[in-house]
Amino acid sequence: IEFRHLTFGYTKDTPVLDDISFSIKQGSKTAIVGSTGSGKTTLIHLLLRFYDCAPGAILIDDRDIRDYTLASWRTNVAVVSQDVFLFNDTIRLNIGYGLDNLGEEDMMRAAQKACFHNVITKLPEQLETVIGERGAQLSGGEKQRATIARALLKSADIFILDEASSALDVRTERLVHDAIRDATSDKTLVIISHRLSTIKGADHIIVLDEGRVIEQGTFKTLLEKRGLFYKYWQEQRLDDV
């Protein structure tokens with residue numbers, strides 16, 4: 001995936017992204033970090049083609065993303081976002097939504113990887129439990145784990161986590177991220193996260209600030225630079241004391 005000289009704004013005179021250029025290698029684990037409003041989620045929206053990315057381009061295997069049909073492109077991408085959407089239906093339908101010929105064993109395996117298995121088994125009707133409008137019967141963390149299980153069931157080449165574990169406690173978040181890394185070991189994984197501790201294992205980290213790429217590198221090299229990423233890291237360490 002290559003972002004090439006990408007500039008974008010939701011209104012004509014207010015750019016959210018300014019001349020963004022970087023690449024994500026196939027099969028790599030790439031993290032995108034930055035403060036609120038730096039343009040992280042906008043990048044994902046453009047990658048999912050919610051908006052047209054001109055001027056500039058997003059290339060997939062050296063081919064402009066706009067050359068692919070929406071259906072063929074989105075089939076190859078699984079997304080878990082901070083904004084969870086669940087239906088007023090059973091857990092079975094919610095985690096298997098849009099997927100055919102799924103057995104109960106497949107669903108429970110995905111639920112276990114998402115740390116959602118124990119929630120299901122404690123319910124009287126388990127997979128047949130109706131969870132209410134927008135998952136009202138579940139806690140915020142349980143809702144996110146349900147959508148993570150749904151994404152894990154999708155055989156997609158690219159897996160995107162957009163603040164996907166923000167409602168989880170630190171221990172569960174670590175377990176979920178470890179499970180996702182194992183489940184996506186042969187896939188391209190893109191992680192957007194405010195908690196820098198969850199991206200230590202990333203192959204490459206992109207640091208955004210006010211719509212521009214400020215720094216790039218591994219966790220270790222970015223700390224050694226003592227730039228913006230180092231500042232974020234120090235701030236979070238102090239917050240955790």
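**Two pockets, a buried helix and a helix crossing**

Lining the second largest pocket are 18 residues, and those nearest its centre are I1, Q26, I60, D61 and I158. The structure is a predicted model, so every value here is computed rather than taken from an experiment. The space in this second largest pocket comes to about 350 Å³. Two elements, β4 (57-60) and α2 (70-75), each give at least two residues to the lining of the second largest pocket. As for chemistry, that lining splits into seven nonpolar, four polar and seven charged residues.

Next comes the largest pocket, with a volume of about 750 Å³. Its lining is made up of 23 residues, and A78, V79, V80, R150 and K154 are the ones nearest the centre. The elements giving two or more residues to this lining are α1, β6 (77-81) and α6 (140-153). Of the lining of the largest pocket, β6 provides the largest share, with five residues. Sorted by type, the residues around the largest pocket are twelve nonpolar, six polar and five charged.

Helix α1 deserves a look of its own. It covers residues 40-47, and six of its eight residues are buried, so the helix is largely enclosed by the rest of the structure. The buried ones are K40, T42, L43, I44, L46 and L47. Take K40, which sits in α1. Its relative accessible area is just 6%, and because buried means under 20%, K40 counts as buried. K40 can also be placed relative to P15: the two are 25 residues apart in sequence, and their C-alpha atoms are 13 Å apart in space. Just after α1, the backbone at R49 takes a positive phi of about 65 degrees.

Then there is the way two helices meet. A pair of packed helices is described by the angle between their axes and the distance between the axes. For α4 (residues 104-113) and α6, the axes come within 8 Å and cross at roughly 125 degrees. Angles from 65 to 115 degrees would be roughly perpendicular and those over 145 roughly antiparallel, so α4 is oblique to α6. The crossing of α4 and α6 is right-handed. Helix α6 thus turns up twice, since α6 is also among the elements that give two or more residues to the lining of the largest pocket.

Definitions and conventions:
Residues numbered from 1 in each chain as written. Predicted model: local features only at pLDDT ≥ 70, side-chain atom pairs only at ≥ 80, totals over all residues. Heavy atoms only, no water. Buried < 20%, exposed > 50% of the residue type's maximum accessible area, 1.4 Å probe, protein only. Helix = DSSP H or I, 4+ residues; strand = E, 2+ residues; numbered from the N terminus. 1 Å grid on protein atoms, 1.4 Å probe; cavity = no way out; pocket = protein on both sides within 12 Å on 5 of 7 lines; lining within 4 Å. Points joined across faces, edges and corners; volume = space filled by probe spheres on them. Nonpolar A, V, L, I, M, F, W, Y, C, P; charged D, E, K, R; others polar. Axes fitted to C-alpha atoms, helices over the stretch in contact; angles between N-to-C directions. Parallel < 35°, antiparallel > 145°, perpendicular 65-115°, else oblique. Left-handed = near helix turned anticlockwise from the far one by under 90°.
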